[in-house]
Amino acid sequence: MSIVARAKNIILKPTDEWNVIADEPATVGGLFTGYAMILAAIPLAADIIFTGALGINVASLGGMDGGAMELGFGAIAAMAVVGYVFSLITLFVMSFLVNAVSPSFNGKSDMVQSAKLMTYASTPTWVAGLVGWIPILGGLISFAAIAYVVYLIYLGLQPVLGVPKEKVAGFTVVIVLLYVVLSVIISGILIGIAFSTLFGSGMMGGALSGA
């Protein structure tokens, strides 16, 4: 099945598609290289093209004087690439955590199945990256996409991991909580990288020019 067809089916008719996905042969590596890495590049490309090259919704940081320091194309592109890499890391870690927790909800302990669940359920957020750069509207669509991801996880837990129906809701809540905690950790790392890169290079340049 093509990537486009899979993305379309998981969004428009998820119940039927999860049943198909559950029985498909797959590998974790194949899920990443053949699907996740490709679709996750959508928001990466959108950020670089629309925010970086065209300057739409340009990212900025508040300065000490209350003004704003606009980020250049290179910085925006670099941050987009770093975000792309960390999104894939987050996906792998979430797959690992779901696999580890699944037996507690009487589900399968199967890394491939867990990776299927988290990879295909993430589809709406990647597709939403097409319009994520649009001020206000992009944010609303991105928020709706995240909510739909939760719904897809809820629908996929039983067919993909064999979680009993009565435990699906509880497992879904646990997955959301795990994602929130992991996102906070990842966001902290990304912010640290951004500040160290921007201000570290700025201070270095100032020291060299002002010496």
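A144 counts as partly exposed, because its relative accessibility is 46%, and partly exposed covers the range between under 20% for buried and over 50% for exposed. This residue sits in helix α8, which spans residues 137-161. Keep in mind as you look around that this is a predicted model. A useful partner to find on screen is P124: A144 and P124 are 20 residues apart in sequence, and their C-alpha atoms are 8.8 Å apart in space.

**The whole protein**

Let's step back for a moment. The secondary structure consists of nine helices and two strands. If you walk along the sequence, you meet them in the order α-α-α-α-β-β-α-α-α-α-α. Of the 211 residues in the protein, 34% are buried. The accessible surface adds up to about 11,100 Å², and carbon and sulfur atoms account for 72% of that area. Now consider the contacts with a separation of 6 or more: 70% of them join residues 24 or more positions apart.

**Two helices that cross**

Two packed helices are described by the angle between their axes and the distance between the axes. Try this with helix α1 (residues 3-12) and helix α2 (residues 14-22): their axes come within 6 Å and cross at roughly 125°. The two helices α1 and α2 are therefore oblique to each other. On the α1 side, the contact is made by R6, N9, I10, I11 and L12, while α2 contributes P14, E17, W18, V20 and I21.

One of these residues, N9 of helix α1, is worth a closer look. N9 counts as buried, because its relative accessibility is 14%. Setting aside residues up to four places away in sequence, N9 touches M1, P14 and E17.

**A small network of charges**

How many salt bridges does the structure hold? There are two. In one, R6 pairs with E17, and the closest N and O atoms are 2.6 Å apart. R6 belongs to helix α1 and E17 to helix α2, so this pair ties together parts that are 11 residues apart in sequence. The side chains of R6 and E24 also meet in a salt bridge, with 2.6 Å from N to O. Here R6 lies in helix α1 and E24 in the loop between α2 and α3 (28-39), so the pair ties together parts that are 18 residues apart in sequence. R6, E17 and E24 are thus linked in a network of salt bridges.

Are these three residues buried or partly exposed? The table gives the answer for each.

| Residue | Relative accessible area | Class |
|---|---|---|
| R6 | 3% | buried |
| E17 | 3% | buried |
| E24 | 24% | partly exposed |

**A loop residue and a surface patch**

Now find S122, in the loop between α6 (111-121) and α7 (123-128). S122 counts as buried, because its relative accessibility is 13%. Leaving aside neighbours within four places in sequence, S122 is in contact with L91 and V149.

For a view of the surface, turn to V181, I185, I189 and I193, which form a nonpolar patch. Together these residues have about 320 Å² of accessible area. I185 lies in helix α9, made up of residues 165-210. With a relative accessible area of 48%, I185 is partly exposed.

Notes
Residues numbered from 1 in each chain as written. Predicted model: local features only at pLDDT ≥ 70, side-chain atom pairs only at ≥ 80, totals over all residues. Heavy atoms only, no water. Patch = residues over 30% accessible without salt bridge, like charges linked within 9 Å, V, L, I, M, F, W, Y side chains within 5 Å. Areas by Shrake-Rupley, 256 points an atom, 1.4 Å probe, with all protein chains shown as cover. Salt bridge = Lys/Arg side-chain N within 4 Å of Asp/Glu carboxyl O. Helix = DSSP H or I, 4+ residues; strand = E, 2+ residues; numbered from the N terminus. Buried < 20%, exposed > 50% of the residue type's maximum accessible area, 1.4 Å probe, protein only. Contact = heavy atoms within 4.5 Å. Axes fitted to C-alpha atoms, helices over the stretch in contact; angles between N-to-C directions. Parallel < 35°, antiparallel > 145°, perpendicular 65-115°, else oblique.
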